[in-house]
Amino acid sequence: METRKYNTNQPIGQLVQFSQDGEYFFKKGIKYYRRRDLYKAKKYFERAVQFDPKEPVFLCQLAVVLSELGEFEKSNDILIEIVEKLEPEMYECYSFLANNYAYLGFFQEAKKYAKKYLEFAPDGEFYEDTEDLLDLLSIETNELDGFHDEEEELINRQEAARELLENGKLEEASMMLQKIVKEYPEFWSAHNNLSLAQFYLGNVSKAIKIAQDVLKKSEGNLHALCNLAVYYHYLGREKEVAHIVRQLRVVHPIDMDHRSKLGVTFALLGQYEIAFKWLRWLQKFGYEGDGAFYYWLAVSAYHTNKKQLADEMWQKVIKLNPEKKGAEPWLKLQAPQPKGKAINHSLIQQFKETDSGEKKLLILLLLKRSGNIRSLEEINSYLLTNNESDVVKEFTHLMLNKLTNKQQLKTSSRLVDGLEVIDALSDQCTWPQSLEQKFYMLWFRILLNALHSPISFKNSHAWAAAIEYCCLRAEDQQVTQKQIAEKYLISTSTLRKYMNYVTDLV
């Protein structure tokens with residue numbers, strides 16, 4: 001954005017002496033700025049400032065270029081120097097400051113300078129743009145408006161629920177979030193986290209309904225849109241995904257966490273180019289992300305052929321989550337797998353063709369976790385006319401009942417106990433998906449072999465610990481019994497007891 005012009009009289013005649021003063025470099029800078037060659041423009045504006053460090057126009061134009069190059073802090077230092085020391089009536093600096101602080105995520109500072117510009121320059125060139133910015137800032141920062149007296153307590157409760165969610169304590173998180181949304185029905189971030197909790201619990205329909213309700217009442221809510229896109233993606237509803245992606249591609253949030261959410265969502269959807277753009281921008285400007293942030297930055301960097309950066313970001317993942325060492329997702333990349341309806345059809349075919357009972361149970365579990373009622377119903381219909389074990393039939397009913405929140409009728413209590421072991425494995429799993437599925441396969445084999453034995457399945461954490469340890473040792477993973485016992489909050493003697501059960505039942 002070009003500031004007002006710097007007016008001087010040009011020397012006339014041949015004896016110019018090619019005077020390279022500040023004006024000369026400023027004009028050169030303007031020429032390159034108009035050509036959008038920002039790096040050369042910056043160089044010439046800096047030379048102009050060297051000749052005349054007190055000229056506010058030179059400084060302001062340099063600040064504008066620095067901003068466009070993403071050097072917001074340097075730009076702000078110059079703009080503040082202009083309005084506080086050199087030219088208090090250069091009001092456009094307030095508008096530039098507002099934009100810079102907005103990009104940096106300092107919304108209160110952005111609001112302050114936006115309001116100053118609107119106050120001092122009601123007929124200014126940037127009035128409408130600044131007014132739009134102020135409206136956007138209000139949208140981004142007003143969720144807690146109306147809750148001022150309870151704001152600190154509400155934030156603490158929300159943070160506690162989020163930690164429960166991240167630690168896999170889904171039922172506890174869900175109960176806490178339900179209380180929050182009941183007390184504060186317009187606190188949308190709690191609704192969004194509740195939606196995620198329901199999704200992770202396997203209540204996909206409920207998760208979708210919560211997200212859709214948020215969007216009805218808070219149109220354009222970024223977190224709800226992102227969540228909905230991910231849900232549809234895992235259900236294979238690619239038309240709905242494409243529709244939301246078109247909306248997300250034109251979104252340009254101010255809030256840093258919103259930008260992170262957007263980048264992670266694009267990565268989850270396999271849209272690695274745009275995911276990398278958002279996540280890399282945040283990382284370059286010092287955004288302190290969590291493990292998921294660096295995980296998806298590494299993945300999107302790898303898929304955009306920036307493999308050195310992918311390795312660097314993976315080191316940050318390992319620093320935050322040491323157990324991820326050696327688990328880079330690209331080390332075990334396989335041939336592209338079919339998505340959506342195709343993958344569900346493939347699973348159904350595998351179910352029909354395999355003679356392995358544990359594989360059948362694993363396929364039923366995967367379909368339940370994807371929220372695909374139709375595929376489970378198709379398998380249920382297939383079972384009516386084909387010979388299958390009672391266990392497979394019961395497990396199919398159990399998966400359907402859990403997905404539709406129906407009562408579990410005539411289902412073996414031992415089968416329900418067995419599913420608790422799956423939940424314990426899932427809650428504690430920090431390994432790649434391929435390895436996690438091997439845990440499930442081993443447990444299903446144990447379950448089928450021990451279903452009619454007197455051995456109890458009640459101690460789900462002990463069974464899960466034994467399954468994980470035995471499977472990891474078979475995969476040559478370097479873990480100790482003490483590590484696994486501590487992970488599942490059991491004693492090493494209990495772990496060894498259940499390891500013996502596993503060995504006997506395999």
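**Exercise 1. Determine which parts of the chain the salt bridge between Glu-358 and Arg-445 connects, and how far each partner is exposed.**

Solution. In this predicted model, the side chains of Glu-358 and Arg-445 form a salt bridge with an N to O distance of 3.2 Å. The next step is to place the partners: Glu-358 belongs to helix α19 (residues 357-369) and Arg-445 to helix α23 (residues 433-450), so the pair links distant parts of the chain, 87 residues apart. For the exposure, buried means under 20% relative accessible area. Glu-358, at 16%, therefore counts as buried. Arg-445, at 30%, counts as partly exposed.

**Exercise 2. Identify the contacts of Phe-444 and its place in the largest nonpolar core.**

Solution. Start with the core, which has 58 residues. Phe-444 is listed with Leu-364, Phe-395, Phe-439, Trp-443 and Trp-463 as the residues that touch the most other members. Helix α24 (residues 460-474) contributes the most to this core, namely ten residues. Next, set aside the neighbours of Phe-444 within four places in sequence; Phe-444 is then in contact with Glu-358, Leu-361, Leu-362, Leu-365, Phe-395 and Ile-422. Glu-358, the salt-bridge partner of Arg-445, is thus one of the contacts of Phe-444. Finally, there is a second, separate core of 55 residues, whose members include Leu-170, Ala-207, Leu-222 and Val-317.

**Exercise 3. Describe helix α1: its span, its buried residues and the helices against which they pack.**

Solution. Helix α1 covers residues 22-34, a total of 13 residues. From the first C-alpha to the last, helix α1 reaches 18 Å, close to the 18 Å expected at 1.5 Å a residue. The buried residues of α1 are Gly-22, Glu-23, Phe-25, Phe-26, Lys-28, Gly-29, Ile-30, Tyr-32 and Tyr-33. These buried residues pack against α2 (38-51) and α3 (56-68).

**Exercise 4. Collect the features of Arg-36, beginning with its backbone and ending with its side chain.**

Solution. Arg-36 follows α1 and is found in the loop between α1 and α2. The phi of Arg-36 is near 65 degrees, a positive value in a residue other than glycine. For comparison, most residues other than glycine have a negative phi. Turning to the side chain, Arg-36 lies over the face of Tyr-33, at 5.1 Å from the ring centre. The side chain of Arg-36 also meets that of Glu-68 in a salt bridge of 2.3 Å, N to O. Because Arg-36 is in the loop between α1 and α2 while Glu-68 is in helix α3, this pair ties together parts 32 residues apart in sequence. Both partners are partly exposed: Arg-36 has a relative accessible area of 47%, and Glu-68 one of 32%.

A second positive phi can be treated likewise. Leu-489, in the loop between α25 (481-487) and α26 (492-505), has a phi near 60 degrees. Leu-489 is exposed, with a relative accessible area of 79%.

**Exercise 5. Classify the aromatic pairs Tyr-24 with Phe-25 and Phe-199 with Tyr-231.**

Solution. The whole structure holds 26 aromatic pairs. For Tyr-24 and Phe-25, the centres are 5.1 Å apart and the planes are at 80 degrees. Planes over 60 degrees apart count as edge-to-face, and this pair is edge-to-face. Tyr-24 is partly exposed at 24% relative accessible area, whereas Phe-25 is buried at 3%.

For Phe-199 and Tyr-231, the centres are 4.5 Å apart and the planes are at 25 degrees, so the pair is stacked. Phe-199 lies in helix α10 (residues 188-200) and Tyr-231 in helix α12 (residues 222-235), distant parts of the chain 32 residues apart. Phe-199 and Tyr-231 are both buried.

To complete the picture, Tyr-24 and Phe-25 belong to one aromatic cluster with Tyr-32, Tyr-44 and Phe-51.

**Exercise 6. State how many salt bridges the whole structure contains, and examine further examples.**

Solution. A search of the whole structure gives ten salt bridges. Among the residues involved, Lys-42, Glu-71 and Lys-74 are linked in a network. Another salt bridge joins the side chains of Glu-183 and Arg-157, at 3.1 Å, N to O. Glu-183 is in helix α9 (residues 170-183) and Arg-157 in helix α8 (residues 151-166), and the two are 26 residues apart. Glu-183 counts as partly exposed, at 45% relative accessibility.

Definitions and conventions. Residues numbered from 1 in each chain as written. Predicted model: local features only at pLDDT ≥ 70, side-chain atom pairs only at ≥ 80, totals over all residues. Heavy atoms only, no water. Helix = DSSP H or I, 4+ residues; strand = E, 2+ residues; numbered from the N terminus. Expected span 1.5 Å × (residues − 1). Buried < 20%, exposed > 50% of the residue type's maximum accessible area, 1.4 Å probe, protein only. Contact = heavy atoms within 4.5 Å. Salt bridge = Lys/Arg side-chain N within 4 Å of Asp/Glu carboxyl O. Core = buried A, V, L, I, M, F, W, Y, C linked by side-chain atoms within 4.5 Å. Phe/Tyr/Trp six-rings, centres within 6.5 Å; stacked < 30°, edge-to-face > 60°. Lys NZ or Arg CZ within 6 Å of the ring centre and 35° of its normal.
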